[in-house]
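Open the model in your viewer and show it as a cartoon. Keep the selection tool at hand.

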Amino acid sequence: MYTLWIANKNYSSWSLRPWILLKTLQIPFEENLCYFENGKSSHEKFQRFSPSGQVPCLIDGNLTIWDSLAICEYVAEDFPQAWPKEKQARAWARCASAEMHSGFTALRQQCPMNITRCEALPEISHELQANLNRLQQLWQEGFDRFGGPWLSGKEFTTVDAFFVPVASRIHSYQLPVNTQAKQWVENILALPAMQEWQNSASQEPQIEH
């Protein structure tokens, strides 16, 4: 059985991605939570289990897999349902996941994940609006090509997992998105796994940034 190392559920968007994929697809795993250091780097502490000194990190027997996208790809080797069955949908889902993995910088910086927050930003910067525009364009492409209700079709897959922290940010910061994007966000927030994560996050101690 897999062991997944994660950090604070209130703040760790990268931890959320493989965690919610495993939970939603009902793939067995053991969760190990290691909290961020309050006001200082957690790198040294995380290096005890993660070569990069970052979370998430997956342990499978004598194998260690770090980085959220690498973890999801590794899981898909044992559980192919982690990606869409159809080739075109799978290719699109991989591209969209990779774009999320490396992009949307303004969204990350100006709206850091904070599950317990629920307060609108005083203003939307040009850079953040550009990220939101691209986000909606990308999601709409998925809905139009593959029919929804999830980003690459009828089933929740890795591409949805990769954008789950965005759903959290849209909710926490009350970010403006179109009707279909709002519906996808509502679908994400209604997932039992997401509700479990949010409940745990609400019970964690707050930390300084």
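This tour goes from one residue to the boundary between two domains. Keep in mind that the model is predicted.

**Stop 1: a single residue**

Select Thr-3. It lies in strand E1, residues 2-6. Is Thr-3 buried or exposed? Its relative accessibility is 15%, so it counts as buried, the cut-off being under 20%. Now show its contacts. Leaving out residues up to four places away in sequence, Thr-3 touches Glu-30, Asn-32, Cys-57, Leu-58 and Ile-59.

**Stop 2: two domains**

Colour residues 2-80 as domain 1 and 82-194 as domain 2, following the domain assignment. Their centres, taken over C-alpha atoms, are 20 Å apart.

Next, select the residues where the domains meet. On one side are 22 residues of domain 1, and they are in contact with 23 residues of domain 2. Together the domains bury about 2000 Å² between them. Carbon and sulfur atoms give 66% of that area. In domain 1, pick out Asn-10, Arg-17 and Ile-20: these lose the most area to domain 2, together 28% of what that side buries.

**Stop 3: polar links**

How many salt bridges are there between domain 1 and domain 2? The count is one. Select Arg-94 and Glu-73, which form a salt bridge with their closest N and O atoms 3.0 Å apart. Ten residue pairs are in polar contact between the two domains.

**Stop 4: the helices at the boundary**

Select helix H1 (13-24) and helix H3 (68-78). Each supplies at least two residues of the domain 1 side that touches domain 2. H1 gives the largest share, nine residues. By class, that side of domain 1 has twelve nonpolar, five polar and five charged residues.

How values were computed:
Residues numbered from 1 in each chain as written. Predicted model: local features only at pLDDT ≥ 70, side-chain atom pairs only at ≥ 80, totals over all residues. Heavy atoms only, no water. Helix = DSSP H or I, 4+ residues; strand = E, 2+ residues; numbered from the N terminus. Buried < 20%, exposed > 50% of the residue type's maximum accessible area, 1.4 Å probe, protein only. Contact = heavy atoms within 4.5 Å. Domains from an automatic or database assignment. Buried area = accessible area lost by both parts, 1.4 Å probe. Salt bridge = Lys/Arg side-chain N within 4 Å of Asp/Glu carboxyl O. Polar contact = N/O pair within 3.5 Å; in protein donor to acceptor, adjacent residues only side chain to side chain. Nonpolar A, V, L, I, M, F, W, Y, C, P; charged D, E, K, R; others polar.
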